[in-house]
Amino acid sequence: MRPDMAYSYKFLLVKEIGDGVFNVQLNRPEKRNAINLEIWDEIGDVFSKLDTDCNCRAVILSGNGKAFSSGIEVQSLAEGLTTFEEDDVARKGRQILRFANRMERSFTMIEKCCKPVIAAMHTYCLGIAMDISTACTIRYCTKDTEFSVKEVALGLASDMGVLNRLPKIVGNHSWIYEAALTGRHFRANEALQQGLVSRVFDSYDDLMAAAKETAKVIATNSPVAVQGVKIVLNYARDHPVDDSLRYVALWNMSQGQTNDIAESAVALMTKGPKPIYAKL
Ligand SMILES: CC/C=C\C=C\CC(=O)SCCNC(=O)CCNC(=O)[C@H](O)C(C)(C)COP(=O)(O)OP(=O)(O)OC[C@H]1O[C@@H](n2cnc3c(N)ncnc32)[C@H](O)[C@@H]1OP(=O)(O)O
């Protein structure tokens with residue numbers, strides 16, 4: 001870990017677990033990792049640091065204790081809404097807008113972080129935890145995980161990303177509307193069937209072992225290529241093909257000049273070991 005990078009948080013446990021892989025754990029186990037305002041800000045902070053930490057090549061986001069996350073801390077939702085003290089509707093509205101933008105930015109940092117982020121989810125992924133997981137790059141879960149786009153049960157349309165990102169992840173819009181309009185809980189097999197997660201595991205240990213294995217493989221690839229893939233796929237998701245072809249061509253004007261390509265080609269042609277790629 002870089003000495004100038006402090007990963008010390010009240011509600012997050014951040015560990016470098018070897019080979020350039022970092023594990024960020026939501027760490028309020030006694031509250032099933034309910035998301036309060038502090039942890040919310042900490043998530044934005046940690047992913048903005050990992051974005052530029054050249055020792056970090058891949059990240060696993062998981063939950064400490066019995067659950068990935070039970071969603072928003074219900075008390076802080078109620079408290080949050082009473083902290084806007086302006087009487088004037090316009091001014092109060094702007095306060096709420098600034099607050100919402102700050103909160104959105106935190107989860108968006110997971111998506112913008114150029115290192116791939118694997119969500120390793122177990123037992124519960126409810127409400128705001130769905131907003132978090134849909135900002136991740138890869139999603140795995142245990143077979144006993146329950147999911148819910150639960151905001152509707154609290155009387156609101158989520159503005160923290162799940163309604164915006166879910167349609168980019170899952171192709172079945174009838175299913176998305178149904179899940180978000182009812183807030184019903186659904187299980188891992190349904191999440192897999194709909195493409196919300198890509199793999200389901202029998203146990204927490206199997207989940208974490210697989211997440212580490214995938215992260216490790218990613219971390220042994222060229223960081224120029226890995227970060228380029230994430231950035232270009234994010235761009236391609238949100239733009240027409242012509243635009244994203246232009247984007248990747250411009251990207252590779254510099255990134256395609258990397259020595260990593262020649263090193264990789266030599267290793268492939270000589271059936272030699274994978275090169276140890278320089279940090280980025
Ligand atoms: C700007 C606003 C934008 C977004 C809004 C998002 C909305 C959401 O996120 S909706 C989702 C809200 N979450 C829930 O409704 C889940 C509530 N929790 C539960 O249903 C259960 O705790 C459980 C997740 C099913 C787990 O059950 P179990 O394993 O039996 O644990 P418990 O004994 O219930 O919980 C232990 C302990 O944690 C506290 N806790 C759990 N979840 C939350 C939570 N979301 N908020 C606050 N506190 C929570 C629970 O009260 C217990 O506390 P004790 O002090 O030990 O009693």
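Here a visitor and a guide talk through two domains and a ligand in a predicted model.

Visitor: Let's start with the overall layout. Which domains is the protein divided into?

Guide: Domain 1 covers 3-220, and domain 2 covers 223-270. Their centres, taken over C-alpha atoms, are 27 Å apart.

Visitor: How many residues does each domain bring to the contact?

Guide: Look for the residues on either side that touch. Domain 1 gives 11 residues and domain 2 gives 8. On the domain 1 side, those residues sort into 6 nonpolar, 1 polar and 4 charged.

Visitor: Okay, and what area do the two domains bury between them?

Guide: The idea is to ask what surface gets covered when two parts are put together. In this model that comes to about 830 Å², with 55% of it on carbon and sulfur atoms.

Visitor: Which three residues supply the most of domain 1's share?

Guide: That would be Glu 111, Cys 114 and Lys 168, which supply 57% of the area domain 1 buries against domain 2.

Visitor: How many salt bridges are there between the domains?

Guide: For this one, you check whether a side-chain nitrogen of Lys or Arg sits within 4 Å of a carboxyl oxygen of Asp or Glu. Between domain 1 and domain 2 the count is 2. Take Lys 168 again: this residue forms a salt bridge with Asp 238, and their closest N and O atoms are 3.6 Å apart. Across the interface there are also 7 residue pairs in polar contact.

Visitor: Now the ligand. Which residues come nearest?

Guide: There are 18 residues around the ligand, and Lys 31, Arg 32, Ser 70, Ile 72 and Ile 128 come nearest. Try following the backbone too: a polar backbone atom of Ile 72 is 2.8 Å from a ligand oxygen. For Ile 128, a backbone N or O atom lies 2.9 Å from an oxygen of the ligand, and for Glu 30 that distance is 3.4 Å.

Visitor: How much of the ligand does the protein bury?

Guide: Picture the ligand alone, exposing 1100 Å²; the protein buries 65% of that.

Key:
Residues numbered from 1 in each chain as written. Predicted model: local features only at pLDDT ≥ 70, side-chain atom pairs only at ≥ 80, totals over all residues. Heavy atoms only, no water. Domains from an automatic or database assignment. Contact = heavy atoms within 4.5 Å. Buried area = accessible area lost by both parts, 1.4 Å probe. Polar contact = N/O pair within 3.5 Å; in protein donor to acceptor, adjacent residues only side chain to side chain. Nonpolar A, V, L, I, M, F, W, Y, C, P; charged D, E, K, R; others polar. Near = heavy atom within 4 Å. Areas by Shrake-Rupley, 256 points an atom, 1.4 Å probe, with all protein chains shown as cover.
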